[in-house]
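Student: I would like to go through the terms used for this model and see how each one is justified. Where should we begin?

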Amino acid sequence: MPPLLAIFLAGTLVWSALSLWLSRRQIRHVAARRERVPADFAALVSAEEHRRAADYTVARERLSMLRELAGTLLALGWAFGGIGLLWAALGGPALWRGVAFLLAMAVVERLVALPFRLWGTFAIEARFGFNRTTPALFARDLLKGSAISLLIGAPLLFAGLWVMRHAGGLWWLYAWAGLVVLMLVAPPVYVRLIAPRFNRFTPLADAGLRARLEALLARCGFRSDGLFTMDASRRSTRGNAYFIGFGRTKRIVLFDTLLERHPPEEIEAVVAHELGHFRRGHVLWGMLRGVAILFVVLAGIGWLARQPWLLAGFGLGAIPPAEAAAPALAVCMLLAGLLSPPMELLGNAISRRHEFEADAFAAGQAGAAPMVAALLRLARDNASSLTPDPLYALAHFSHPPVPLRIARLRAAGAPAGDCQETVAHAAARQG
Ligand SMILES: [Zn+2]
């Protein structure tokens, strides 16, 4: 076996084993605590709710172990002959062939992921009462999503491969500049053209709540393009809220499921938390981090793609260098996959720190008590486990476990903050 392929094999197996080990720890930890509500929450969460959260967490984790295995097998399949087979099966001029090749790879990846999405939605989410997606809606979403990906992806791949071929050794720098422009253009395009194909967005109708949220935004000097509700209840019962865009085109979107279940003071806390992400610079810092990571990754690909040993190392040495842009990209992507677990670890650590800061900001703007109440209700309604395995949470959680967030909020009390000093996305993604 060529050394590069051996390194890829070893790295992939090590990461996969580690991931499965963490998942097993998580399942055992949660299952062992299924019968006892943590003391701090005994008065707030019923034994039945606690058991349901444990069962849901375990069911989802088992599915994610299977998905991890399938992903590992697929990556190894690509590396051990799959790339060569697919490339040989396609023909035509190099550029077209390259685009068809990368699109076909993406299709295979999606097909492999599909059974897990189906099982997740129609078996697990349905069993725990979260799913409202009908098979027809699922199929429509899938078709629409694929059509949009194709419409956007195919021209981008074409442009990318063209630049690789014709722009010389610095092609990756031009590709980086192009992608940075796309990152800036994407949010307004998503808000105006893509998101409305999947959901209805209507201006927030509840006048009392609107006045309350507008007062919050004014207090914080936050200009937005409007407060909207989204019919998320068509697909799921989960509540959430998000902010999207920059400058004056920032939009605040509240799920109808959030509005149904939370009293106004909790919704204010949730919006204040999201606002905290803006005011604390998390959104800008996240963008800059994304731009910097993209630069490093593309510079790495730019260098790797020029090395004659790259394709040879994966048994693809027979492809003439002039035509090899797409297979080289595929190999670079496989290798980049080896770097993603440590990147995820680092990204999650940064994200968790930001969540605490946004909670503190929310406490200052809307009070600690409503923020605690909102987090508790979200955890209960979304069946988030209150007893995750600490090591698993360290690796995989982008949000700190709810008990830690609540403990911090309680310890800090309600600091009399103003907007410059302090503020809430009690988003459902507790991990
Ligand atoms: Zn947040």
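Tutor: With axes: they are lines fitted to C-alpha atoms, for helices over the stretch in contact, and angles run from 0 to 180 degrees between N-to-C directions. Helices (H or I, at least four residues) and strands (E, at least two) are DSSP runs, numbered from the N terminus. The model is predicted, so local features need pLDDT of at least 70 and side-chain atom pairs count only at pLDDT 80 or more, while totals for chains, interfaces and linings use all residues. Residues are numbered from 1 along each chain as its sequence is written, and side-chain values use heavy atoms, with hydrogens and water left out.

Student: Why is helix 8 called roughly perpendicular to helix 13?

Tutor: The two axes come within 8 Å and cross at roughly 95°. Angles under 35 degrees count as roughly parallel, over 145 as roughly antiparallel, 65 to 115 as roughly perpendicular and the rest as oblique. The crossing of helix 8 and helix 13 is therefore roughly perpendicular.

Student: Which residues make the contact between helix 8 and helix 13?

Tutor: Contact means heavy atoms within 4.5 Å. Helix 8 supplies Glu265, Glu266, Ala269, Val270 and His273, and helix 13 supplies Pro370, Met371, Ala373, Ala374 and Arg377. Ala, Val, Leu, Ile, Met, Phe, Trp, Tyr, Cys and Pro count as nonpolar, Asp, Glu, Lys and Arg as charged, and the others, Gly among them, as polar. By class, this contact has six nonpolar, one polar and three charged residues.

Student: How do you know that Gln26 is buried?

Tutor: Buried means under 20% relative accessible area, exposed over 50%, and partly exposed in between (1.4 Å probe, protein chains only). Gln26 has 3%, so it is buried. Gln26 lies in helix 1 (residues 3–32). Not counting residues up to four places away in sequence, Gln26 touches Thr57, Glu61, Pro388, Asp389 and Tyr392.

Student: What makes strand 1 and strand 3 edge strands?

Tutor: Two strands pair if DSSP finds at least two bridges between them. Strand 1 (residues 201–203) is joined to strand 2 by three bridges and runs antiparallel to it; Phe201 stands opposite Met230 there. Strand 2 and strand 4 pair in the parallel sense over four bridges, and strand 3 and strand 4 pair in the antiparallel sense over four bridges. Val253 of strand 4 is the bridge partner of Phe228 and also of Tyr242. The result is an open sheet of four strands in the order 1-2-4-3, with mixed pairing. Strand 1 and strand 3 each have a single partner strand, so one side of each is left without a neighbour in the sheet.

Student: Which way do the residues of strand 2 point?

Tutor: Leu227 and Thr229 point one way, Phe228 and Met230 the other way, and all are buried.

Student: What makes a set of residues a nonpolar core?

Tutor: The set must consist of buried Ala, Val, Leu, Ile, Met, Phe, Trp, Tyr and Cys residues joined through side-chain atoms within 4.5 Å. The largest one here has 42 residues, and Leu213, Leu254 and Leu275 have the most contacts inside it. The elements that give two or more residues to this core include helix 6 (207–219), strand 4 (251–255) and helix 8 (264–279). Helix 13 gives the most, with eight residues. A second, separate core of 41 residues includes Ile83, Val99, Phe101 and Leu316.
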